[in-house]
Amino acid sequence: MSPANQPRQTKAERTAAAREKARQIREEQQKREKRNRLLLRWGVVVALVAVIAVVALVVTSSMRSNAPIGDTGPRAANMNANGGVTLGKGNEVKAVPASTVDVASIPPATGQPSAGQAANAPGIEPSAKGEPVKVVVYIDFICPICKQFEDTYGEKLNQARNDGKITLEYRPLGFLDRQSTTNYSSRAANAAACVANSYPDKYADFFTALFAQQPAEGSAGLSDDKLKEIARGLGADINKCVDEKTYRPMVKYDTQLATSSGVTGTPTAFVDGKQWGIGDSAQQGFDAFLDAAIAAKAA
C-alpha cells in the first residue's frame with residue numbers, strides 16, 4: 001500500500017507517537033549522561049591513583065635518600081659510647097675521644113620492661129659521692145613530649161648544672177623517623193653530633209634551637225639546609241658533615257642500643273640511676289624527683 005493510501009493517523013495516535021519519540025530521546029540522553037558520569041568517575045579514580053603513586057614514589061625516594069649509610073662508621077668526638085653528650089657548668093661539654101660504631105656489636109635485647117619496671121640502660125649508674133648528680137635523658141628531636149619536657153624542666157636543669165649540682169647528658173635517638181617523610185629524627189641527631197664533634201661549646205645552644213624550631217610530627221621536618229643554617233647562626237659550620245651524613249650510622253647504632261636496653265619511648269629520664277616515672281616516682285613531677293636526688297647526694 002502506497003503512503004498515499006495509508007490510513008491517516010488520528011490526533012491521539014500522532015500525540016502518542018510524539019510522546020514515544022520523546023521518551024526514546026530522553027532515554028538515549030540519560031544513557032549518554034550515565035556513560036559520561038561513569039567515564040568521569042573512572043577518570044578521577046585513575047587520576048587519584050596516579051597522584052598517590054607519584055606521592056608514594058617521592059616519599060619512598062626521599063626516605064631512601066635520607067636512610068643511614070651502612071651499619072659501621074665514626075662516633076663523634078665528645079659523645080660517649082652510649083650516644084650521650086654530657087653538659088656541665090656553663091656550656092662545658094665532657095671531652096670524649098672519637099671512636100667507631102658497629103651495629104653488629106650491639107648486645108642482644110634484654111626484653112622489653114614490664115609495666116613499672118625500669119629500662120636496663122647502660123651508663124646511668126649514680127655518680128660518686130660528692131660528685132654532681134648524674135642526669136641522663138633520651139630524647140628525639142621531633143618528639144612533642146620531649147619538647148614539652150624541655151619547656152617545663154629545661155630551665156631548672158640548666159640552672160642545676162650551672163650551679164654544679166648535676167651533670168646533664170642528652171642521648172638523641174632516631175626513634176620517630178617514621179613520623180616524618182625524611183627520617184628527620186636521625187637527620188637532626190646527625191646534625192647535633194656534627195656540632196658536638198667540631199663545636200662542643202655550641203652544642204647546648206644548638207640543642208635548644210632544634211626544640212625551639214621543632215617541626216610537626218608527620219611533616220618533612222626541617223631541611224638539611226635549615227639545620228645547617230641554624231648551626232651557622234651559632235658560629236658552627238657543619239655543612240660537609242650534614243651533606244655526607246657522617247654520623248648517621250652512629251645514630252642508627254645508638255637508637256638500636258637504646259631499644260635493646262629496654263628504652264621504649266622518649267623522653268626517658270634517669271637521675272642517679274633511677275628512672276623517672278617508675279616506682280615511687282610514678283606520680284611525682286620531674287622537678288621534685290630531681291630535687292630529692294640532689295638533696296640525698298648533699299646529705
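**Fold composition, the five-stranded sheet and the H3–H4 pair**

The protein chain comprises eight helices and seven strands. The model is predicted. Of the 299 residues in the protein chain, 39% are buried. Among contacts in the protein chain with a separation of 6 or more, 77% link residues 24 or more positions apart.

Five strands assemble into an open sheet. Their order is E2-E5-E4-E6-E7, and the pairing is mixed. Strand E2 (85–87) and strand E7 (274–275) form the edges. Each of these edge strands pairs on one side only. Strands of a sheet pair through backbone hydrogen bonds, in either a parallel or an antiparallel arrangement.

Both arrangements can be followed across the sheet, beginning at E2. E2 and E5 run antiparallel and are joined by three bridges. Within this pair, Val85 has Tyr170 in E5 as its bridge partner. On the E4 side, the sense is parallel: strand E4 (residues 133–139) pairs with E5 over seven bridges. Here Lys134 has Thr167 in E5 as its bridge partner. E5 therefore lies between E2 and E4 in the strand order, pairing antiparallel with E2 and parallel with E4.

Strand E5 (residues 166–172) is mostly covered. Six of its seven residues are buried.

At the E7 edge, the pairing is again antiparallel. Strand E6 (residues 268–271) is joined to E7 by two bridges. Val271 stands opposite Lys274 in E7.

Attention now turns to a helix pair. Helix H3 (residues 184–198) packs against helix H4 (residues 203–212). The angle is about 160°, and the axes lie 9 Å apart. An angle over 145 degrees counts as roughly antiparallel, so H3 is roughly antiparallel to H4. The crossing of the two helices, H3 and H4, is right-handed.

The contact draws on residues from both helices. H3 contributes Tyr184, Ala188, Ala191, Ala192, Val195 and Ala196. H4 contributes Tyr203, Phe206 and Leu210. By class, the residues of the H3 contact with H4 are nine nonpolar, no polar and no charged. Alanine recurs on the H3 side, at positions 188, 191, 192 and 196. On the H4 side, the aromatic residues Tyr203 and Phe206 are joined by Leu210.

Terms used: Residues numbered from 1 in each chain as written. Predicted model: local features only at pLDDT ≥ 70, side-chain atom pairs only at ≥ 80, totals over all residues. Heavy atoms only, no water. Axes fitted to C-alpha atoms, helices over the stretch in contact; angles between N-to-C directions. Helix = DSSP H or I, 4+ residues; strand = E, 2+ residues; numbered from the N terminus. Parallel < 35°, antiparallel > 145°, perpendicular 65-115°, else oblique. Left-handed = near helix turned anticlockwise from the far one by under 90°. Contact = heavy atoms within 4.5 Å. Nonpolar A, V, L, I, M, F, W, Y, C, P; charged D, E, K, R; others polar. Pairing = 2+ DSSP bridges. Buried < 20%, exposed > 50% of the residue type's maximum accessible area, 1.4 Å probe, protein only.
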